[in-house]
Every structure is written in structure tokens, then in C-alpha cells.
Amino acid sequence: MEQKFCQSCGMPLTEELLGTNADGSKNEEYCIYCYKDGAFTGDFTMEEMVEFCSQFVDEYNKNTGQHLNQEEYKALLRQYYPNLKRWQLPADELPHATSPIKQQLIDEVNALGISDMPKIDNLFVLQGSFVNMEYSINGNSVKLLDDNASYWGNQVEKQGSEGRRCFGIACDENHILVSEYGKDGADAQLVVFKRR
């Protein structure tokens, strides 16, 4: 069987990673991280997509046995992406990221008024296993998200921390989670976990 790849980010497509059309049916061309509810989850230029995806170089290296650094991976993506459907379409033909829940979640996260967290202006679809951190609650180590689900999320640098601490946001139709952590998720602390 022929392996298909997302025509936006280039990741291998499997049945569980297929994006969704406006009617909820599976989309055979794009992954769930790039395409949800009939629209792209982020209004990226090709160069912005290269920059965004380059943070997953370790995952790429693990799956391919290569040892690329981030700049080498970016160069590879710049060669590969022009062959993908999304980057061949004129900008006015692209289904833009207009999911109503995405904007609602952005507004709700910003309304939390978390000290030292900059205003959020975008959310992306992220795999639960990528954002599901362990927290220490009442002396127990717990994870609050589902590794197999997808979440609207983002990571922003904590103001005044000069890159040492970040806020991570993960939301779905039912919950909003905001955490704070150091490099590679070290010393993760739960800031907000609330039902919508």
C-alpha cells in the first residue's frame, strides 16, 4: 500500500492522523494537526511552516535514523515543501483557519489574566502525547490529558524569564489547561486546569 503524506507539513498519514472536513468526514490529503473542520489550523506561509515544523527535528531523526540539526532540517523542508499541494495553491484558494472554537479558546485563555503570560494570538492542533506533561499534585505524579487526543495549543515564553520558562496551553471543547515549565518541559507546574 502506498504511503501518503500530509500535503501541508509532510508527515506520514495514517487513518488516525487524517484531518477532518467541515462535515466531520476524514480528509485524505492533510493531517489533523494541519487541517481540522474543513480549514487549516494555522495561517502559515511556507517559511513559517518550515520554522514551526523544524522544532520536531528530533522526532524526524528518531524515525529516519538521521542526525540532522535544526538548520539542516529546515533546508530539507525548504526543498520538500514546494512539492506539497498546500504550497502550490494560490493564497486566495486556501481554506483559512476560521474554526469558531479556535477563536473562542484564544479569547478564553487571554481572559484568564495569567501574570507574565503574553497575549495569545494563535493556537495550533497538537498531539496529546506532545503536550501531556506530568505534574506533582498532592504528592502524586499525574497526567491530565489524553496522549491519543488532539488539542488546540501553543507555547509562549514567560515575560521576563529570558527564555528560561515557558507557558504551555492545551485546550479542547471541555477543558483549558495552562502550565509553566523550563527547557524541554522540565519542572512542569500546573497554572490553570478548568472545565469550560
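The predicted model comprises five helices and eleven strands. Its radius of gyration is 17 Å, close to the 16 Å that the globule rule gives for 196 residues, so the protein is as compact as a globular protein of that length. The C-alpha trace extends over about 50 × 40 × 35 Å along the principal axes. Of the 196 residues, 43% count as buried. Among contacts with a sequence separation of 6 or more, 45% are contributed by residues 24 or more positions apart. The exposed surface amounts to about 11100 Å², of which 47% is supplied by carbon and sulfur atoms.

With respect to charge, the protein carries 18 positive and 31 negative side chains, and the centres of the two sets are separated by 3 Å. Side chains of opposite charge can pair when their charged atoms come close. A search of the whole structure identified ten salt bridges, including several that connect separate elements of the chain.

One of these salt bridges joins Glu29 and Lys85, with 2.9 Å between the closest N and O atoms. This pair links distant parts of the chain, as Glu29 belongs to strand β2 (residues 26-31) and Lys85 to the loop between α3 (70-80) and α4 (100-111), 56 residues apart. Glu29 is partly exposed, with a relative accessible area of 31%, and Lys85 is likewise partly exposed, at 31% relative accessibility.

A salt bridge is also formed by the side chains of Glu47 and Arg78, at an N to O distance of 2.7 Å. Glu47 is located in helix α1 (residues 46-53) and Arg78 in helix α3, so this interaction ties together parts that are 31 residues apart in sequence. Glu47 has a relative accessible area of 38% and is partly exposed; Arg78, at 35% relative accessibility, is also partly exposed.

In the C-terminal numbering range, Arg165 pairs with Asp187 in a salt bridge whose closest N and O atoms are 3.6 Å apart. The two residues occupy loops in distant parts of the chain: Arg165 lies between β8 (150-157) and β9 (166-171), and Asp187 lies between β10 (175-181) and β11 (189-195), with 22 residues separating them in sequence. Arg165 is buried, since its relative accessible area is 16% and the cut-off for burial is under 20%. Arg165 and Asp187 also take part in a network of salt bridges that includes Lys158 and Glu180.

Backbone geometry was examined next. Most residues other than glycine have a negative phi. Asp37, although not a glycine, has a positive phi of about 55 degrees. Asp37 is situated in the loop between β3 (35-36) and β4 (39-40) and is partly exposed, with a relative accessible area of 39%. Asp116 also has a positive phi, near 70 degrees, and is a residue other than glycine. The position of Asp116 is in the loop between α4 and β5 (124-127), where its relative accessible area of 35% places it in the partly exposed class.

A further loop position is that of Gly139, between β6 (134-137) and β7 (140-143). At 71% relative accessibility, Gly139 counts as exposed. Gly139 and Tyr73 are 66 residues apart in sequence, and their C-alpha atoms are 40 Å apart in space.

How values were computed:
Residues numbered from 1 in each chain as written. Predicted model: local features only at pLDDT ≥ 70, side-chain atom pairs only at ≥ 80, totals over all residues. Heavy atoms only, no water. Helix = DSSP H or I, 4+ residues; strand = E, 2+ residues; numbered from the N terminus. Rg over C-alpha atoms; globule rule 2.2 N^0.38 Å. Buried < 20%, exposed > 50% of the residue type's maximum accessible area, 1.4 Å probe, protein only. Contact = heavy atoms within 4.5 Å. Areas by Shrake-Rupley, 256 points an atom, 1.4 Å probe, with all protein chains shown as cover. Lys, Arg positive; Asp, Glu negative; His and termini not counted. Charge placed at Lys NZ, Arg CZ, Asp CG, Glu CD. Salt bridge = Lys/Arg side-chain N within 4 Å of Asp/Glu carboxyl O.
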